[in-house]
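Colleague: Could you take me slowly through a single part of this model, and tell me how its charged side chains are placed? I am new to reading structures, so please connect each point to the next.

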Amino acid sequence: MTWSRVLVLCCLSAVVLLAAENRQKLRADELRREHYEEQRNEFENFVEEQSDEQEERSREAVEQWRQWHYDGLHPSYLYNRHHI
């Protein structure tokens, strides 16, 4: 073999190795991105559930307060609202 062929083969092998390395890096980036997206979705679901539970507790507390303080003289708050 001549030196030029050896040089060309070395360059081609280097290019192939760099391409394989780039594919590995891209795959690792994709896996990392999927992992973080999954973590973010889980956290968003957790926060939404916590918010829904807090809203339900608050609604129940308000309902209990209204029932406790209802004096029977006025219509219930459900029927005493102004509709727009």
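**Charged pairs along the helix**

Modeller: Let us begin with Asp-29 and Arg-32, which both lie in helix H1 and are three residues apart, about one turn of the helix. These two residues form a salt bridge, in which the closest N and O atoms are 2.8 Å apart. Please keep in mind that this is a predicted model. In general, side chains of opposite charge can pair when their charged atoms come close. Asp-29 counts as partly exposed, at 35% relative accessibility, and Arg-32 is also described as partly exposed, at 43%.

The structure holds four salt bridges, and two others can be described in a similar way. One of them joins the side chains of Glu-21 and Lys-25, with 3.5 Å from N to O. Because Glu-21 and Lys-25 are four residues apart in helix H1, about one helical turn separates them. Glu-21 is partly exposed at 37% relative accessibility, while Lys-25 is partly exposed with a relative accessible area of 47%. Further along, the side chains of Arg-59 and Glu-56 meet in a salt bridge of 2.8 Å, N to O. Here the two residues are three apart in helix H1, so they too are separated by about one helical turn. Arg-59 has 46% relative accessibility and counts as partly exposed, as does Glu-56 at 34%.

It helps to set these pairs in the whole chain, which has one helix and zero strands. Helix H1 covers residues 3-69, and buried residues make up 0% of the 84 residues in the protein chain. The UniProt annotation "coiled-coil region", from an unreviewed entry, covers residues 19-56. In the model that span is 100% helix and 0% strand, and its end C-alpha atoms lie 55 Å apart.

Charged side chains also gather on the surface in another manner, for a negative patch is formed by Glu-44, Glu-48, Glu-49, Asp-52, Glu-53 and Glu-55. One of its members, Asp-52, is found in helix H1 and is partly exposed, with a relative accessible area of 44%. A patch of another kind, nonpolar and of about 280 Å², is made by Val-8, Leu-9 and Leu-12. Val-8 lies in helix H1 as well, and this residue is partly exposed, with a relative accessible area of 48%. Taken as a whole, the protein chain exposes about 8500 Å², of which carbon and sulfur atoms supply 58%.

Definitions and conventions:
Residues are numbered from 1 along each chain as its sequence is written. This is a predicted model: local features need pLDDT of at least 70, side-chain atom pairs count only at pLDDT 80 or more; totals for chains, interfaces and linings use all residues. Side-chain values use heavy atoms; hydrogens and water are left out. UniProt positions are given in the numbering used here, feature names are shortened, and annotations may be inferred rather than shown by experiment. Patches are made of residues with over 30% relative accessible area and no salt bridge: like charges are joined within 9 Å, nonpolar side chains (Val, Leu, Ile, Met, Phe, Trp, Tyr) within 5 Å. Accessible areas come from the Shrake-Rupley method with a 1.4 Å probe; for residues, only the protein chains shown count as cover. Lys and Arg count as positive and Asp and Glu as negative; His and the chain ends are not counted. The place of a charge is taken as NZ of Lys, CZ of Arg, CG of Asp or CD of Glu. Buried means under 20% relative accessible area, exposed over 50%, partly exposed in between (1.4 Å probe, protein chains only).
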